[in-house]
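Student: I would like to go through the reasoning behind some labels used for this model. Please set each value against its cut-off.

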Amino acid sequence: MAPPLLEIRNLTVAFDTPAGRVHAVNDLSYTLNEGETLGVVGESGSGKSVHVLAMLGLLPSPPAKILSGEVLFQGRDLLKLPEAQLRELRGGQIGMVFQDPMSSLNPVLTVGRQLREVIERHSDLRGAKAEARATELLDLVGIPNPGARLKQYPHEFSGGMRQRVMIAIGLSCNPKLLIADEATTALDVTVQAQILDLVRDLKDRLGTTVIWITHDMGVVAELADTIQVMYGGRIMERGPVRAVFRQPHSAYTWGLLRSLPDEGARAQRRLYQIPGAPPDMANPPAGDPFAPRNPYATDRCRTEVPPLRPASPVPGHMVAAWYDLPARLAAEAAHG
Ligand SMILES: Nc1ncnc2c1ncn2[C@@H]1O[C@H](COP(=O)(O)OP(=O)(O)OP(=O)(O)O)[C@@H](O)[C@H]1O
Ligand SMILES: [Mg+2]
């Protein structure tokens, strides 16, 4: 079997703030195989963005500190790579699309110039050929009249169009790994569907591996092979999308999925709100971070962090839980 494209081992990231040390990512480990699409979900503050920013060397330090870990991309540890080589990878072999395109696009350069710069930096295309590629990319992400649009500045684009430009930039060099963080959140449903088609097409044609961070379970169901549910900077559950959706083993995943069949939730395409507040990561709970909000938590959950363990006979289905959720739910159902 081919080695994984990406292997994260024991990544721990903290921020030193006036309020104390914020434990954003805690002992995170996972692997991603070539061609796999990983959907990462979890409430605000669960460490989704910080873990990808950390692996790309994009966290400001201070306040960020990578306390431990390795991030092996094609066997090379990104955390040890000189900045010049990382810069080479970012936008080249690793494409990125982040939320907030206004801060990612340069307001004083035309959109065409910015696209061409990325293309020229990471490919052999120059001049008219780079220009043609830029036009093709804008067309691909559904921007009408791309030739004229290339001459315009970011402020002349609508928010949704700027987001599509960011997606075009992320895809411009046919990356081996595409990392998208809330890439389609600001877009209306039709455009979002177009973008997802585009990504699927890229995967089919080039075997692109994808990390797709989102609050939208519908997108995960449509796009991802594997779902990874994060909470308090940890993985709570991970596995093939269908297996996890059919029978979640973490009470947190269960909470997120519970009301999805509900009409209103589907219309809003947002996660169900689980009662209670996310943990204060400057002062995280001692055990399972979700224990304070978990009706199925045991004493052990409140004192000891559960390791990831196989959750079900489905290969790759893992859960971090001391309790047996399906058994607890079945017992409840039996008692009516
Ligand atoms: N620059 C920073 N300084 C201090 N703390 C930070 C900084 N950036 C992130 N954090 C903290 O790190 C933790 C993880 O944040 P992260 O941005 O990864 O969350 P997220 O899962 O991406 O949330 P969202 O869904 O809102 O994007 C949070 O507690 C956040 O407050
Ligand atoms: Mg985020």
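Tutor: The model is a predicted one. In the shell around ligand 1, α1 supplies the largest share, 3 residues. At least two residues each come from β1 (6-17), β2 (20-32) and α1 (48-55).

Student: What makes a residue count as near ligand 1, and which residues come nearest?

Tutor: A residue counts if one of its heavy atoms lies within 4 Å of the molecule. There are 14 residues around ligand 1, and S44, G45, K48, S49 and H215 come nearest.

Student: How do you know that K48 makes a polar contact with ligand 1?

Tutor: The cut-off for a pair of N or O atoms is 3.5 Å. A polar side-chain atom of K48 lies 2.7 Å from an oxygen atom of ligand 1, so the pair qualifies. The side chain of S49 also qualifies, with a polar atom 2.8 Å from a ligand 1 oxygen. For G45 the atom is a backbone N or O, 2.8 Å from an oxygen atom of ligand 1. Of the 640 Å² of accessible area that ligand 1 has on its own, the protein covers 68%.

Student: How does the shell around ligand 1 divide by class?

Tutor: The shell has 8 polar, 4 nonpolar and 2 charged residues. Gly counts as polar in this scheme.

Student: Why are α4 and α5 said to be in contact?

Tutor: Contact requires heavy atoms within 4.5 Å. On the α4 side, L115, R116, I119 and E120 meet G127, A130, E131, R133, A134, L137 and L138 of α5, so the two helices are in contact. These residues divide into 6 nonpolar, 4 charged and 1 polar.

Student: What is the geometry of the α4 and α5 axes?

Tutor: The axes of α4 (residues 111-122) and α5 (residues 127-140) come within 9 Å and cross at roughly 115 degrees. The crossing is right-handed.

Student: What is the omega of the peptide bond from S61 to P62, and what is that of the bond from P62 to P63?

Tutor: From S61 to P62 omega is near -5 degrees, and the bond is cis. From P62 to P63 the bond is cis too, with omega near 10 degrees. P62 sits in the loop between α1 and β4 (64-73), and P63 is found in the loop between α1 and β4.

Student: What makes the phi of Q74 worth a remark?

Tutor: Q74 has a positive phi, about 50 degrees, although it is not a glycine. Its place is the loop between β4 and β5 (76-77).

Notes:
Residues are numbered from 1 along each chain as its sequence is written. Chains are lettered from A and ligands numbered from 1 in the order in which they are written. This is a predicted model: local features need pLDDT of at least 70, side-chain atom pairs count only at pLDDT 80 or more; totals for chains, interfaces and linings use all residues. Side-chain values use heavy atoms; hydrogens and water are left out. Axes are lines fitted to C-alpha atoms, for helices over the stretch in contact, and angles run from 0 to 180 degrees between N-to-C directions. Helices (H or I, at least four residues) and strands (E, at least two) are DSSP runs, numbered from the N terminus. A crossing is left-handed if the near helix is turned anticlockwise from the far one by less than a right angle, and right-handed if clockwise. A polar contact is a pair of N or O atoms within 3.5 Å; within protein, one must be able to donate a hydrogen and the other to accept it, and residues adjacent in sequence count only if both atoms are side-chain atoms. Accessible areas come from the Shrake-Rupley method with a 1.4 Å probe; for residues, only the protein chains shown count as cover.
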